[in-house]
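Me: Got a minute to look through a model with me? I'd like to start with the backbone and then move on to the packing.

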Amino acid sequence: MSEALRILVVDDHDVVQWGFRLLLSGQPWVDRCLGARTGRAAVELARRHRPDVALVDLFTGDESGIDICRQVREASPDTRVLLISGAGQVSDQSARRAGAAGFVSKDLDAADVVKAVRMVGLGMTVFTPGSEPPAPLGLSGREREVLQLIAKGATNRQIGDHLFLSTHTVKEYTSALYRKLGVRNRAEAVQHAQRRGLLA
């Protein structure tokens, strides 16, 4: 790795992305700082520029930062990913399994975020204290099965066929999941479950 690092910032909010890029570009150890608003753009930039570090928001639009992390690492295996979030949490285990080298909160001071990026760029791992999510929710075994199938993109009919349940019963399980997770739809359910480490 060269002494000056190439950084990729992945965040769908323009102000946040530009803020991080401006902050990092001003560091003497940063050679170049690129930006992407989607997972696809991040993968294309990673493949083309081989950044040393990718700072990836945990929720980029409707996309999961965990998924983007995996995709970036596949496109550029030497790129080390630092996940960051202002609202959600992700378990260290889930982040590591996706190939991330760390997870930090946007609540940190700017200097601490910069320090975390540099540490990851130097080959270290960075997981902030308290990054573990609260204890798992009281989901039943069947609710967990439904959640796993939702995460795989299965429709209610497909879930019913797989678990030998009626579509009406699947809807009841889905509604119970939404209520327990505090979400409104499938995408939110999957994102929430990912950051709590509920998905295999």
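Me: Is arginine 50 buried, partly exposed or exposed?
Reply: This is a predicted model, and in it arginine 50 is partly exposed, because its relative accessible area is 40% and the partly exposed class runs between 20% and 50%.

Me: Where does arginine 50 sit, then?
Reply: In the loop between α2 and β3. Arginine 50 also has a positive phi of about 50°, though it is not a glycine.

Me: What's the usual sign of phi outside glycine?
Reply: Negative, for most residues other than glycine.

Me: And what about phi of phenylalanine 164?
Reply: That one is positive too, near 60°. Phenylalanine 164 lies in the loop between α7 (156-163) and α8 (167-181), and it is exposed, with a relative accessible area of 76%.

Me: OK, packing. How do helix α1 and helix α5 cross?
Reply: Their axes come within 11 Å and cross at roughly 70°, which means α1 is roughly perpendicular to α5.

Me: Which residues make that contact?
Reply: Phe20, Leu23 and Leu24 from α1 meet Ala110, Val113, Val114 and Val117 from α5. By class, the contact has 7 nonpolar residues, no polar ones and no charged ones.

Me: Switching to the largest nonpolar core: which residues touch the most other members?
Reply: Leu8 and Leu83, out of 23 residues.

Me: Which element gives the largest share?
Reply: α3, with 4 residues.

Me: What does leucine 83 touch?
Reply: Leaving out residues up to four places away in sequence, its contacts include Val56, Ile66, Cys69, Val90 and Phe103.

Conventions: Residues numbered from 1 in each chain as written. Predicted model: local features only at pLDDT ≥ 70, side-chain atom pairs only at ≥ 80, totals over all residues. Heavy atoms only, no water. Axes fitted to C-alpha atoms, helices over the stretch in contact; angles between N-to-C directions. Helix = DSSP H or I, 4+ residues; strand = E, 2+ residues; numbered from the N terminus. Parallel < 35°, antiparallel > 145°, perpendicular 65-115°, else oblique. Contact = heavy atoms within 4.5 Å. Nonpolar A, V, L, I, M, F, W, Y, C, P; charged D, E, K, R; others polar. Core = buried A, V, L, I, M, F, W, Y, C linked by side-chain atoms within 4.5 Å. Buried < 20%, exposed > 50% of the residue type's maximum accessible area, 1.4 Å probe, protein only.
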